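Me: Could you take me through this structure slowly, giving the general idea behind each feature and then the case at hand?

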Amino acid sequence: MARGTMTDPPNPAARTTEADVADTQAIRARARQRRVQASMARERVRRVTNAVMLGLTGLATLLALIPLVWIIVDVVLLGAPSITPDFLTQSFKPASLGGGGVLHAIVGSLILVGLASVMSIPIGILAAFYVVRNPNTTLGLAVRFGTDVLAGLPSIVVGLFVYTLLVVGRSYSALAGAVALAILMLPIVLRTTEEMLKLVPDSLREGALGLGAPEWKTAFSVLLPAALTGVLTGLMLAVARVSGETAPLLFTALGSNVLSSALNRPIASLPLTLFVYATQPDPIRHAQAWAIALIIMVIVLALNIGARLIARHRAM
Amino acid sequence: MVVTKPLSTKLPTPLVRRMFQHGDVPFKIIIVLATLFTLALVVGVGVMLWLFTSVTRMDLGFSFVTSKTWNPTGSQFGALPFVVGTLITSILALIISVPLGVGIAIFLAELCPARLRAPLGVMVELLAAVPSVVFGLWGIFVFVPTVVKPLGNFLKNAFGTSGDVIDLPLFHGPFYGFSYLAAGAILAVMVLPTIAAISRDVLLAVPGSQREGAFGIGCTRWEAIWQVVLPYGLSGILGAVILGLGRALGETMAVTMVIGNVAQLSGSLLSPGYTMASVIANEWGESSTPAYASALLEIGLLLFIMSVLLNLLARLLVWSVQRRNPQQHA
């Protein structure tokens, strides 16, 4: 370019070419710059989108923790003042006499949940033995799907079912309430036991059978102990789940204001009492409802956290 | 002679004695019975509810679901207001909780430092462990007065008064706090952990090669998640949403305590109403006639059918994802 400009005779055509070249280069340079700028802008948009959206997911996580913390704080602040020795050792009294305590509901809950565990745990574990040994037979597949359906049923539907089964023609009873809770526990017990038994190495089973142990002895003294911590985790989660159940008890255990341990009569429970007290207009009952909520939350959260600690201990 | 005698008596043991010798056959029978019992429960729920609702099923047939008049004292049983109430509250809950839940799943599965993942995950799951009735108590005395009321009043003033720039019938009518809006909002909190936890498991099951490929062609992290990881796990996330919907449909206590409990058909989120589950819980004590009880049981039967169908759909979706890459599923 520099070569010909000075020595060559002025040639209109050549001059135009030179100018053209310069122009073209300038145009190209500008275009390149525009492209670079545009791509930098795109890059910026992408980077900002990236940061904003990733930030939003973090925010969503924080947002989900707010209700948990809020509920726990409220339950502790509003419930703790009402938890007195009298509250835990007395039964129901009319509000004009101070409202009494919730001993009847504590006893009722213990009976209901205890009885439900006694009914559901053996059945769940036995059925899990079957499912683990025969996962792909017709019955195995059917019960695996059935367990999923049972686990997904609204608890109120289970309550209505037990009503038609055990309450119609008889009366509301503690037994019916326990059966309803047992049906809600069964799928949880079955599924966690199944998952845990699956993790036990086959060599353990083969070794026991090879030593001449019968199938049932292998199951109860080799497989179940090997899976014990996991099964225990499942049982704790199942108990936690039904400790707070209210809806199915409306149609089965009904609730009661007297301290009772009879299985053929209505019985109180903590969540049911909480529901009744919360929907009454009396402030004394509201305070008691918060106190019951505190008791339930302590039980449920302790079981949940305990189950997770055991599970982690096992994993390590 | 002396040596062979015990042998000869031992070999031809009768079949029955041999079967029971080690207790294996009884054991097998017992575990099969336990399994059959579990299965019978599922079938039994449907059968018993079907049998006990014959009164209203014979009398009303399909008009039970399509009639909108619920007047038990006049023996008029129309479940439409409750079906609509259940749909309104559940859909509202999903609109709030699906974006949040998927966001949480993305954060926990893709972004969160490994050390924080477990404790944050546990906290989200603990929210699922809070009993429904405690949510209800908190709803009545805390959530509705401090969150739902201001929110509802704002929506009413901004969109619900005739003459506004944007006038939505969704926010018309008187507002006292206890409403579809309150029920939907509290349901959103309750189904959020379900959606978040299952979606997180689905995202964790997406193979790492998918992400590496996306990063390899220059994607940002968000582009990799949005254009590669999420589409890969879409059917699993859909399954999570459906399971969340299943929980929202059947949720009883918390909804009963905040929805206001009025049997009316209303298109406004601010008006009180009933859901299917809450009408059963709330009116059970008053069901004096056989027809009334049968009507409430039939609502339960409808809930049962909806829940079975939803579970079927959700399991199919989640299974389809897990089958695609079984080795990745932790």
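**A buried glutamine and its surroundings**

Reply: A:Q288 has a relative accessible area of 5% and counts as buried, because the cut-off for that word is under 20%. Please keep in mind throughout that this is a predicted model.

Me: In which helix does A:Q288 lie, and which residues beyond its sequence neighbours is A:Q288 in contact with?

Reply: The residue belongs to helix α13 of chain A, which covers residues 283-315. Once the neighbours within four places in sequence are set aside, A:Q288 is in contact with A:F87, A:G98, A:G99, A:G100 and A:Y277. As for its spacing from another part of the chain, the C-alpha atoms of A:Q288 and A:T273 are 9.4 Å apart, with their positions 15 residues apart along the chain.

Me: What does the side chain of A:Q288 reach at 3.4 Å, and which backbone oxygen lies 3.0 Å from one of its polar atoms?

Reply: To read such a pair, one looks for N or O atoms within 3.5 Å, one able to donate a hydrogen and the other to accept it. Here the side chain of A:Q288 reaches the backbone oxygen of A:G99 at 3.4 Å, and a polar atom of that side chain also lies 3.0 Å from the backbone oxygen of A:G100.

Me: Let us turn to chain B. Is B:S278 buried or exposed, and where in chain B is its place?

Reply: B:S278 is buried, its relative accessible area being 0%, and its place is in helix α14 of chain B, residues 276-283. Its side chain reaches the backbone nitrogen of B:T275 at 2.8 Å, while the residues that B:S278 touches, leaving out those up to four places away in sequence, are B:V255, B:T256, B:I259 and B:N261.

Me: How should I read a positive phi, and which value does A:L254 have?

Reply: Most residues other than glycine have a negative phi, and most peptide bonds are trans. A:L254 is not a glycine, yet its phi is positive, near 70°. The residue sits in the loop of chain A between α11 (247-250) and α12 (270-278), and with 39% relative accessibility A:L254 counts as partly exposed.

Me: What phi does B:S75 have, and where is its place in chain B?

Reply: B:S75, which is likewise not a glycine, has a positive phi of about 55°. Its place is in the loop between β1 (70-71) and β2 (76-77) of chain B, and B:S75 counts as exposed at 52% relative accessibility, because the cut-off for exposed is over 50%.

Me: How many disulfides does a search of the whole structure find?

Reply: A disulfide is a covalent bond between the sulfur atoms of two cysteines. The search finds zero disulfides over all chains. As for individual cysteines, B:C112 is buried at 5% relative accessibility, and B:C219 is also classed as buried, at 17%.

Me: Stepping back to whole chains, how many helices and strands are there in chain A, and what does the secondary structure of chain B come to?

Reply: Chain A has 13 helices and zero strands, and chain B comes to 15 helices and two strands.

Me: What radius of gyration does chain A have, and what would a compact globule of 316 residues have?

Reply: For chain A the value is 35 Å, whereas a compact globule of 316 residues would have a radius of gyration near 20 Å. Its C-alpha atoms fill a box of roughly 125 × 70 × 40 Å along the principal axes. The domain assignment gives domain 1 (2-66) and domain 2 (83-315) of chain A, and the C-alpha centres of these two domains lie 67 Å apart.

Me: And what is the corresponding radius of gyration for chain B?

Reply: Chain B has 27 Å, against a value near 20 Å for a compact globule of 330 residues, and its C-alpha trace spans about 110 × 70 × 35 Å along the principal axes.

Me: Which share of each chain is made up of buried residues?

Reply: In chain A, buried residues make up 46% of the 316 residues, and in chain B they make up 52% of the 330 residues. Turning to the surface, chain A exposes about 15,400 Å², with carbon and sulfur atoms supplying 67% of it, and chain B exposes about 14,900 Å², of which carbon and sulfur atoms supply 70%.

Notes. Residues are numbered from 1 along each chain as its sequence is written. Chains are lettered from A and ligands numbered from 1 in the order in which they are written. This is a predicted model: local features need pLDDT of at least 70, side-chain atom pairs count only at pLDDT 80 or more; totals for chains, interfaces and linings use all residues. Side-chain values use heavy atoms; hydrogens and water are left out. Domain bounds come from an automatic or database domain assignment. Helices (H or I, at least four residues) and strands (E, at least two) are DSSP runs, numbered from the N terminus. Buried means under 20% relative accessible area, exposed over 50%, partly exposed in between (1.4 Å probe, protein chains only). Contact means heavy atoms within 4.5 Å. The radius of gyration is taken over C-alpha atoms; the globule rule is 2.2 Å times the number of residues to the power 0.38. Accessible areas come from the Shrake-Rupley method with a 1.4 Å probe; for residues, only the protein chains shown count as cover. A disulfide is a pair of cysteine sulfur atoms within 2.5 Å.
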